[in-house]
Amino acid sequence: MAYRLLIVDDSPAMRSFIRRVIDLSGFELAGCWEASDGIEALELLRTEWVDAILSDINMPGMDGEEFLRHLAADELLRAVPVIIVSTDGTDQRIERMLALGARGYVVKPFRPEVLREALEKTLAVPCD
Amino acid sequence: MTKTELEYALAECTVAVLEQMFFVHALDAPALAVMAADSDLICGVDFAGDPSGHLALRLSQEAARSIAGDFLGEDEGVLSDFRVGQVVCELANIICGSVLSRIESGTTFRLDSPRLLPTWPGSGKNAVVHSAILDRGALTAEFSTERPVNPVGT
């Protein structure tokens, strides 16, 4: 099965890295979109359905927390699982993001396999 | 947290970030052994937290280009200076967040957007420094806070 993913991060370099990690891991993609913050992501989600979202927290415009709140308030979008990918590994932040509805949390730095595992777990992908 | 513990945290986080996400092996080096050059790329990240502060990162031009190529999976020879700068900013951002996650584990913090700087900002308050020799050049990171981290008695 091929998946449709959305990467939300204000760093173009980080978005490229995440996309490359996913490609190299053999994860089959039907589509991969990018947004630089929550506002751009919500705009994109009006026209594109995705199976999962990988989102940073610290972003100008709309940050990751606000983005999660908007998703939770939307009848359709609240079903889309979000994995937070952030440098912030503090317990308080992780607990807060999970309480807001994030399904997974990957702390940077991460090894490529950690991101793949988080995606597999979130999407309930059968292991090889 | 003592200054030595903070130095250790900066060193460990820098090595972990370089190895796990930039696929670069780093060797510790005394700060004095790393010579600065005018062509070095310098990046700064301000952070707000308990305490607030700043991380400055200096990378030799060759090291920066090599790291950017590895991170983006592209031929370093075709990367623009702008994209190399973006990767150096991301490196500084992740190192800073990684250190803060260790020393501010009981609180939260906020990172400003990293930015390239024309000159090295100089030693900040309560600064600790880590320098490393990479495959293709050198790196220096300085982490400074407005007051000592978790001073004894608080």
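This passage walks through a strand region of chain A, a helix of chain B and the largest pocket of a predicted model.

Take chain A to begin with. Strand β3(A), residues 52-55, is covered on both faces. A:A52 and A:L54 sit on one side, A:I53 and A:S55 on the other, and all four are buried. That fits the usual pattern, since side chains in a regular strand alternate between the two faces of the sheet. β3(A) also has strand partners: β1(A), residues 3-8, pairs with it in the parallel sense over four bridges, and β4(A), residues 82-86, does so in the parallel sense over three. A:S55 turns up in both pairings, standing opposite A:V8 and opposite A:I84 in β4(A). To get from β3(A) to β4(A), the chain runs through helix α3(A), residues 64-72, in a right-handed β-α-β crossover.

Over in chain B, helix α1(B) covers residues 3-21. Its 19 residues, at 1.5 Å apiece, should span 27 Å, and the end C-alpha atoms are indeed 27 Å apart, so the two values agree. Plenty of side chains here are tucked away: the buried residues include B:L6, B:L10, B:C13, B:V17 and B:M21. Just past the helix, B:F23 adopts a positive phi of about 55 degrees.

As for the largest pocket, its volume comes to about 350 Å³. Of the 20 residues lining it, A:D10, A:S11, B:N93, B:S113 and B:P114 lie nearest the centre. Helix α3(B), residues 81-103, and strand β4(B), residues 110-111, each supply at least two lining residues, with α3(B) giving the most, at four. By character, the lining splits into six nonpolar, seven polar and seven charged residues.

Notes
Residues numbered from 1 in each chain as written. Chains lettered and ligands numbered in written order. Predicted model: local features only at pLDDT ≥ 70, side-chain atom pairs only at ≥ 80, totals over all residues. Heavy atoms only, no water. Expected span 1.5 Å × (residues − 1). Buried < 20%, exposed > 50% of the residue type's maximum accessible area, 1.4 Å probe, protein only. 1 Å grid on protein atoms, 1.4 Å probe; cavity = no way out; pocket = protein on both sides within 12 Å on 5 of 7 lines; lining within 4 Å. Points joined across faces, edges and corners; volume = space filled by probe spheres on them. Nonpolar A, V, L, I, M, F, W, Y, C, P; charged D, E, K, R; others polar. Pairing = 2+ DSSP bridges. Right-handed = clockwise from strand over helix to strand, strands pointing away.
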